[in-house]
Structures are given as C-alpha cells and as structure tokens.
Amino acid sequence: MAARLSDFYRTAFITGASTGLGRAFAEMLLAEGVRVWGTSRETTRLTAISGLVPVTLDLREGPTPLKVFQDADRAAGGFDLVVNNAGFGVFAEFTGAARRQQELFSDARFRVFDDYGHHPAEIDATLRAFKSLGARRLL
C-alpha cells in the first residue's frame with residue numbers, strides 16, 4: 001500500500017487558500033488526510049473546501065499575520081507544513097522595485113523568511129542562502 005502524505009505530515013498551514021495554487025494545495029493535502037488550516041482575507045471564500053479550518057488573514061495588517069499564525073499553530077498542536085502562498089503586489093518598474101529579504105519570525109521549530117525574488121538567479125540565490133542557515137524544509 002502506498003504511503004499517504006498524512007503518514008508524514010499531520011498538519012498544514014496554507015496562506016491564500018481560497019483560490020489558485022493555495023486552494024489546489026489545500027485540496028490535495030486534505031485528500032491525503034492532512035489537517036489543513038487555510039487563510040483568506042474573507043473566510044466565506046473558504047467554506048466550500050470541506051474539512052479545511054478557515055483562518056482570516058490580511059497581509060496588510062502589519063504585525064497581525066504573525067499573531068494569526070502563532071494562534072493557529074497553537075490550535076493545531078504545531079504545523080508540519082507551511083505553504084506561504086498569499087501575496088500582494090509591488091507596483092513599480094522592475095528595476096525600481098525594491099528587493100527585500102528578511103527573517104519575520106524565529107523560534108526553536110520555525111524560521112520564517114520573506115523574500116521577493118523575481119529572476120531565477122535570485123530565487124536560486126535565496127534557496128542557497130536559506131539552506132546555508134540549516135533549514136531542513138523549504139516551502
């Protein structure tokens with residue numbers, strides 16, 4: 001019998017779970033038996049996803065997203081997977097858009113980074129940088 005993802009991962013937190021890739025990740029993980037907490041600015045958009053624990057999250061609310069994540073993490077008994085899919089737009093000429101990489105949160109279990117990488121070489125550099133920090137899982 002083939003292993004299911006829930007044999008390896010009990011819980012997942014997915015931002016931007018109401019549409020697109022976030023919804024696809026949520027539905028796939030739920031079908032594999034993983035307990036999923038999914039976020040959207042409007043949780044009414046999440047009600048059609050059976051089994052998903054809806055979480056209201058608006059990235060524009062300063063420090064609130066970190067508290068939302070911490071509260072959900074406690075409720076879940078810890079997350080085994082985090083898929084940070086939600087985003088927001090930076091509207092500028094590409095050469096004028098600021099590139100930023102920062103550590104948003106760190107504790108004994110997690111290191112959460114935010115990085116705007118646009119070009120494949122930038123994304124590759126970001127992944128190498130995170131791996132050098134000793135990350136076991138990168139999502």
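# Exercises on a predicted model

In this predicted model, the largest nonpolar core has 13 residues, of which Ala12, Ile14, Ala26, Leu29, Val36 and Leu52 touch the most other members. S1, H1 and S4 each contribute at least two residues to this core, and H1 gives the most, with three residues.

## Exercise 1. The surroundings of valine 36

Determine which residues valine 36 contacts, leaving aside its neighbours within four places in sequence.

Solution.

Step 1. Set aside the neighbours within four places in sequence; valine 36 is then in contact with Ala12, Ile14, Ala26, Leu29, Leu30, Gly51, Leu52 and Val53.

Step 2. Compare this list with the core. Val36 is among the residues that touch the most other core members, and so named with it are Ala12, Ile14, Ala26, Leu29 and Leu52. In general, nonpolar side chains in soluble globular proteins tend to be buried together.

Step 3. Look beyond this core. A second, separate core has nine residues, including Val55, Val68, Phe69 and Ala72.

## Exercise 2. The two sides of helix H1

Establish which residues of H1 are buried, and which are exposed on its other side.

Solution.

Step 1. Examine the geometry of the helix. H1 consists of twelve residues and reaches 17 Å from its first C-alpha to its last, close to the 16 Å expected at 1.5 Å a residue.

Step 2. Identify the buried positions, for which the relative accessible area must be under 20%. In H1 these are Gly22, Ala26, Leu29 and Leu30. Viewed down the axis of H1, the buried residues fall within an arc of 100°, so they line one face of the helix.

Step 3. Find the packing partners. The buried residues of H1 pack against strand S1 (11-15), strand S2 (35-40) and strand S4 (81-84).

Step 4. Turn to the other side of H1, where Gly20, Leu21 and Ala31 are exposed.

Step 5. Follow the chain onward. Just after H1, glycine 33 takes a positive phi of about 90°.

## Exercise 3. Salt bridges within the helices

State how many salt bridges a search of the whole structure finds, then analyse those formed by glutamate 27 and aspartate 71.

Solution.

Step 1. Take the total: the search of the whole structure finds four salt bridges. As a general principle, side chains of opposite charge can pair when their charged atoms come close.

Step 2. Consider H1. The side chains of glutamate 27 and arginine 23 form a salt bridge with an N to O distance of 2.9 Å. Both residues belong to helix H1 (residues 20-31) and lie four residues apart, about one turn of the helix. An α-helix has 3.6 residues a turn, so residues three or four places apart point the same way.

Step 3. Assess the exposure of this pair. Glutamate 27 has a relative accessible area of 38% and is partly exposed; arginine 23, at 24% relative accessibility, also counts as partly exposed.

Step 4. Consider H2. Aspartate 71 and lysine 67 meet in a salt bridge of 2.7 Å, N to O. These two residues lie four residues apart in helix H2 (residues 64-76), about one turn of the helix.

Step 5. Add the other partner of aspartate 71. Its salt bridge with arginine 74 places the closest N and O atoms 2.6 Å apart. Aspartate 71 and arginine 74 are three residues apart in helix H2, and about one helical turn separates them.

Step 6. Combine the two bridges: Lys67, Asp71 and Arg74 are linked in a network of salt bridges. Within this network, aspartate 71 is partly exposed at 32% relative accessibility, lysine 67 is partly exposed at 48%, and arginine 74 is exposed at 59%.

## Exercise 4. Aromatic pairs

Classify the ring pair of phenylalanine 8 and tyrosine 9 and that of phenylalanine 69 and phenylalanine 79.

Solution.

Step 1. Count the aromatic pairs, with ring centres within 6.5 Å as the criterion: the count comes to five.

Step 2. Examine phenylalanine 8 and tyrosine 9. Their ring centres are 6.5 Å apart and their planes stand at 55°, so the pair is tilted. Phenylalanine 8 is exposed, at 56% relative accessibility, whereas tyrosine 9 is partly exposed, with a relative accessible area of 21%.

Step 3. Examine phenylalanine 69 and phenylalanine 79. The ring centres are 5.8 Å apart and the planes are at 35°, so this pair is tilted. The pair links distant parts of the chain, with phenylalanine 69 in helix H2 and phenylalanine 79 in the loop between H2 and S4, ten residues apart.

Step 4. Assess burial. Phenylalanine 69 is buried at 10% relative accessibility, and phenylalanine 79 is buried with a relative accessible area of 2%.

Step 5. Place the pair in its context: ring pairs link Phe13, Trp37, Phe69 and Phe79 into a cluster.

Notes. Residues are numbered from 1 along each chain as its sequence is written. This is a predicted model: local features need pLDDT of at least 70, side-chain atom pairs count only at pLDDT 80 or more; totals for chains, interfaces and linings use all residues. Side-chain values use heavy atoms; hydrogens and water are left out. Buried means under 20% relative accessible area, exposed over 50%, partly exposed in between (1.4 Å probe, protein chains only). The expected span of a helix is 1.5 Å times one less than its number of residues. The arc is that of the directions from the helix axis to the C-beta atoms. Contact means heavy atoms within 4.5 Å. Rings of Phe, Tyr and Trp (its six-membered ring) pair if their centres lie within 6.5 Å; planes under 30 degrees apart count as stacked, over 60 as edge-to-face and the rest as tilted. A nonpolar core is a set of buried Ala, Val, Leu, Ile, Met, Phe, Trp, Tyr and Cys residues joined through side-chain atoms within 4.5 Å.
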